[in-house]
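Thanks for coming. I have one model to go through today, so please look at the screen and then I will take the parts in turn.

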Amino acid sequence: MRFSDKQYWAATFGEREGMYYVLVGPIRSGKSVSGLRGFLHWAGTHFSGHDFCLAAKSSKQWQSVILSALRQFAADNELTLTRRDEFWELESDDGQVNRFYRVVGGEGGTSAARLEGMTFAGAYIDDAAFLPEILLDTIMDRCSVCGAKVVMSCYPQNPHHALKLRYVNPIEAGEMPGEVIQFGLADNPSLSSEYIRMLCDRWRGQPHEFARRIEGRWTAASGLIYGNFHLHQQRRMPADVEATIYAWEVCADWASSSVTHALLLGRAPDGRVWVADEWRHDGRYDGELLTEHQADAMVARLSDSGKRSIRSWVVDPSADGLMLALRDRVKGEVVPGVADVDEGLRVTGRWVEQGRFVFVTSGVPALLQELGSYIWDEKAAAHGVDKPAKDSADGAHGCDALRYYAHTREEHEASYQSAGVA
């Protein structure tokens, strides 16, 4: 495996003094592969018969990043790797074994509780900024063997993020023993110039994500959440485009006493999704509607009283009653939307920026009004948290519906091919 100078420096951290090493940089800059490979080499050459922690933000990431690196490292060095119930055994240089425990951030406090009473000789933490603080603290407390080291990789987040305040800043100030190693995209020799250009184009319209994911800078989210939505508007859907729509779908955010907002979307063969119509009911001003009556009105409006065949309905995952009512009334599938707000905002932001959504201004005036006032919470940003301002966009119910749709479709795109309407 060919390493760049920066990757080699990160991989050889074990030759230097210090306990904490934070590898900071954009996505795909080579942090994880060099840091993890260096960690496994250091563990096997300095310890035998000890326990180590290997942590990632999700089970999927643990499998794809950490486990694949474990297997590759063992194969490249002709070492025996054996799976046990709660850990993996990897042969060390003296022929004995070290134990590497799997820890997943998505399991939160449960993972932290399982580590109580354990003693680690070191830890590698991938995407450390996404681990719950309680889990990060527990891992640090467990690394108490003499000579233990902790290696963390991350791409930057808010400059007030706990990881930066508690580890990056003190290390850079010389108050904690260790090193912050800054990566750039050029530090990964496996990336082509075409791929780097594509990556830059993908995030260019989301300033804080571009700064973090491309430039490797700690930056706060501010301003409009979907800043360039106005670039992808048309007064009406052209008749020739409407004739090519191969699937009509609906997404909806629901509330019993405030706003329920549903959007009609048409999938075109060129990959664009036309946001063509909306149904909105505000119980605060128009009186509450029973969920069944909401479903009736929603179906009547968006299916054009049954004249339009709707393939699927992506619904607020908390709206069990609405999903049940829709299943009694429609032929298309009714599915709960993906609820992860942070990733949903990122996915939807990409779709908006890339022009995958086209907003029909005559059909969705309430949604467009929301998009024009949907902003990041500056007070939360001052505490290291990226989240929409609670009072912006009058609750942003249409924006939430759009988020459910984009994130759900991104996760399940393979099953929605360009076929005729079911």
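**Notes on a predicted model**

I will start with one residue: valine 338 counts as buried because its relative accessibility is 15%, and buried here means under 20% relative accessible area, exposed means over 50%, and partly exposed is in between, with a 1.4 Å probe and protein chains only. Valine 338 sits in the loop between β14 (333-336) and α13 (341-353). Helices are DSSP runs of H or I with at least four residues, strands are runs of E with at least two, and both are numbered from the N terminus.

Before I go on, this is a predicted model: local features need pLDDT of at least 70, side-chain atom pairs count only at pLDDT 80 or more, and totals for chains, interfaces and linings use all residues. Residues are numbered from 1 along each chain as its sequence is written, and side-chain values use heavy atoms, with hydrogens and water left out.

Back to the loop. What does valine 338 contact, leaving aside neighbours within four places in sequence? Arg403, Tyr404, His407, Thr408 and Glu411, where contact means heavy atoms within 4.5 Å. Valine 338 and arginine 403 are 65 residues apart along the chain, and their C-alpha atoms are separated by 8.5 Å.

Next, the sheet. Eight strands make an open sheet with mixed pairing, in the order β3-β4-β5-β2-β6-β7-β1-β8; two strands pair if DSSP finds at least two bridges between them. At the edges are β3 (81-83) and β8 (178-182), each of which pairs on one side only. From one strand to the next, the twist averages 15°. For angles, axes are lines fitted to C-alpha atoms, for helices over the stretch in contact, and values run from 0 to 180 degrees between N-to-C directions.

At the β3 edge, β3 pairs with β4 (residues 87-91) in the antiparallel sense over three bridges. Arginine 83 has tryptophan 88, in β4, as its bridge partner.

Two helices to point out on this sheet. Helix α3 (residues 59-76) lies across β2, β3, β4, β5 and β6, and runs at about 135° to β2. Helix α6 lies across β1, β7 and β8, at about 105° to β8.

Now the cores. A nonpolar core is a set of buried Ala, Val, Leu, Ile, Met, Phe, Trp, Tyr and Cys residues joined through side-chain atoms within 4.5 Å. The largest has 33 residues, and the members touching the most others are Ile125, Ile139, Val150, Met152 and Leu163. Two or more residues come from each of β1 (20-24), β2 (51-56), β5 (97-104), α4 (109-115), β6 (122-125), α5 (133-142), β7 (149-154) and α6 (162-172). Apart from this core lies another, of 31 residues, including Cys251, Trp376, Ala396 and Tyr405.

To take one member of the largest core, isoleucine 125 touches Ala55, Leu131, Leu136, Ile139, Met140, Val150, Val151, Met152 and Ser153, if residues up to four places away in sequence are not counted.

Last, the charges. How many salt bridges does the structure hold? There are 23, a salt bridge being a side-chain nitrogen of Lys or Arg within 4 Å of a carboxyl oxygen of Asp or Glu.

The side chains of arginine 267 and glutamate 249 form one, at 3.6 Å from N to O. Arginine 267 is in strand β11 (residues 259-267) and glutamate 249 in strand β10 (residues 247-253), 18 residues apart. Both arginine 267 and glutamate 249 are buried.

Arginine 329 and aspartate 296 form another, with the closest N and O atoms 2.5 Å apart. Arginine 329 is in the loop between α12 (320-327) and β14, and aspartate 296 is in helix α11 (residues 291-302), 33 residues away. Arginine 329 is partly exposed at 33% relative accessible area, and aspartate 296 is partly exposed at 36%.

Glutamate 410 and arginine 350 also meet in a salt bridge, at 2.3 Å from N to O. Glutamate 410 is in helix α16 (residues 397-411) and arginine 350 in helix α13, so the pair ties together parts 60 residues apart in sequence. Glutamate 410 is partly exposed, at 31%, whereas arginine 350 is buried, at 6%.

Arginine 202, in helix α7 (residues 193-203), touches both of these residues as well as Gln354, not counting residues up to four places away in sequence. Finally, Glu209, Arg213, Glu343 and Arg346 are linked in a network of salt bridges.
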